[in-house]
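Colleague: I should like to examine this model with you, beginning with its sheet and ending with its pocket. Please show it first.

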Amino acid sequence: HFMYQALLHSAKNSMNALKKRIGSRKGTSIIGASKPIFEVDVQLMPPSVSLSPSLDEIQQCINKSAQAVLSCYKKIVDWGYASLPKEKRSSHTFFTRVTKDIEIVKVALLLTGCIQGIRNTVADYLSSFSQYDWIWQLDKDEAYKEFFKANPSLEDYETKLAHFGTVDKEIGKVGSIHVIGALSLNTKHLKKYLRDDCNSWIVRYSENLHLRAKMELEAMTEYTRVTMGKLSRKVEDLDSLGFMMRVLREVRDKECSIDMEINPIMDMYRMLECHLSSDFMEKEEIDKKTVLKSNWKKLILQALVRTDELSNTQIGFEKGLLKDIDAFNTDVQNFLADFTKNGPLVKGLAPMEAVDRLSRFKEEVKIRERKFDLYHGGEELFALPHKEYPGLDKTKKDIKLASLLFDLY
């Protein structure tokens, strides 16, 4: 009897100790509470976050532990049967008597369902990570395409990247160990994965913004280089003078809005420096970015120099233009007289002769049309009234009529 009581007492103590050690406690921070017995990893198993091992596997482990405690009594033979042969004594152990005790049965039943009490608490904790499910569920390329369709501004990029940065900080603040009852939930690996993936979102958007910044930098650099080359050309005639004045006008117009072109480029690079590694730019790109503003200032200075030069020389060009216009007017009148006297419409000409003359006058009228365009542009350049050439208009009209007649040959 005393032997049975001692064994029963030891069984109760062992089972109660196990129950107390792993009993469900919904609180996550109990003063004086013992260290949780189970260390569990919180892992991402798409499409959701789950535990490894699972709650069911932990419950099976608890059940096996209780079974192992009670199984010990299968090896202790009841002394009242000690005189029996060995093969018969083995069926008369204290296991049956101990496991029939009502308190042992109660504790065993409590242990088999001890995890059930914290299932909802664990589920609520795991569901707290669902606010970040877009990190692993959404396709980064498709998400960026949708973002880009809206023609995002620099402020839109800044808002998006700031959001990713905020989410990364939020994840960083999540406790690496979270205690629920007998479970110590380890989130270190999950946090690392989420933060790494969040950083991938930052990199994806930043790299696309970098492509945009680089493209605009290249365009601005190329424009400055080409325009500087145009300003370096010599002004030797009316054509080149008109070209130079158009370039200077273009530079003056662009100067009014240049800050709206250069500043966004610099802002994009400042933003990228906050989100990408320090080596995201190659040396050539760094050099172009560094000299962007200074090269534009050099372009403006060169434009001012050329403007001063032209103000001293354009008077001579204007005088030459007026002289050329007078000469052209005389030439046009002579050309009309020549066409009337020796053109294809002279009576008595053989058809083939008329065709030859028509071809010659067509070429000559093209030359005069080019001169007309040149002098017309010069008049606009110097704000002069446009000179009319009725003789040229009449000659062109007659040539057109002659073409309708003689082109058949």
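The exchange below takes up the sheet, a helix and the pocket in turn.

Modeller: This is a predicted model, in which local features need pLDDT of at least 70, side-chain atom pairs count only at pLDDT 80 or more, and totals for chains, interfaces and linings use all residues. Residues are numbered from 1 along each chain as its sequence is written, and side-chain values use heavy atoms, with hydrogens and water left out.

Colleague: In what order do the strands of the open sheet lie?

Modeller: Strands here are DSSP runs of E with at least two residues, helices are runs of H or I with at least four, and both are numbered from the N terminus. Two strands pair if DSSP finds at least two bridges between them. β2 and β3 (177–180) each pair on one side only and are the edge strands. The open sheet has 4 strands with mixed pairing, in the order β2-β1-β4-β3.

Colleague: Which residue of β2 stands opposite aspartate 41?

Modeller: β1 and β2 (residues 48–52) are antiparallel and joined by 5 bridges, and they form a hairpin with 2 residues between them. Glutamine 43 stands opposite serine 50 in β2. The residue opposite aspartate 41 is serine 52.

Colleague: How many bridges join β1 to β4?

Modeller: In this pairing, valine 40 stands opposite leucine 185 in β4. β1 and β4 (residues 183–186) run parallel, and the number of bridges joining them is 4.

Colleague: Which side chains of β1 are buried?

Modeller: In a regular strand the side chains alternate between the two faces of the sheet. Buried means under 20% relative accessible area, exposed over 50%, and partly exposed in between (1.4 Å probe, protein chains only). In β1 (residues 38–45), Glu39, Asp41, Gln43 and Met45 point to one face and are not buried, whereas the buried side chains on the other are Phe38, Val40, Val42 and Leu44.

Colleague: Which helix supplies the largest share of the lining of the largest pocket?

Modeller: A pocket is an open set of points on a 1 Å grid over the protein atoms alone, where a 1.4 Å probe fits, with protein on both sides within 12 Å along at least five of seven lines; lining residues have an atom within 4 Å of a point. Of the 13 lining residues of the largest pocket, the closest to its centre are Gly242, Arg246, Gly377, Gly378 and Leu381. α11 (238–255) and α14 (351–381) each supply at least two residues of this lining. The largest share, 7 residues, comes from α11.
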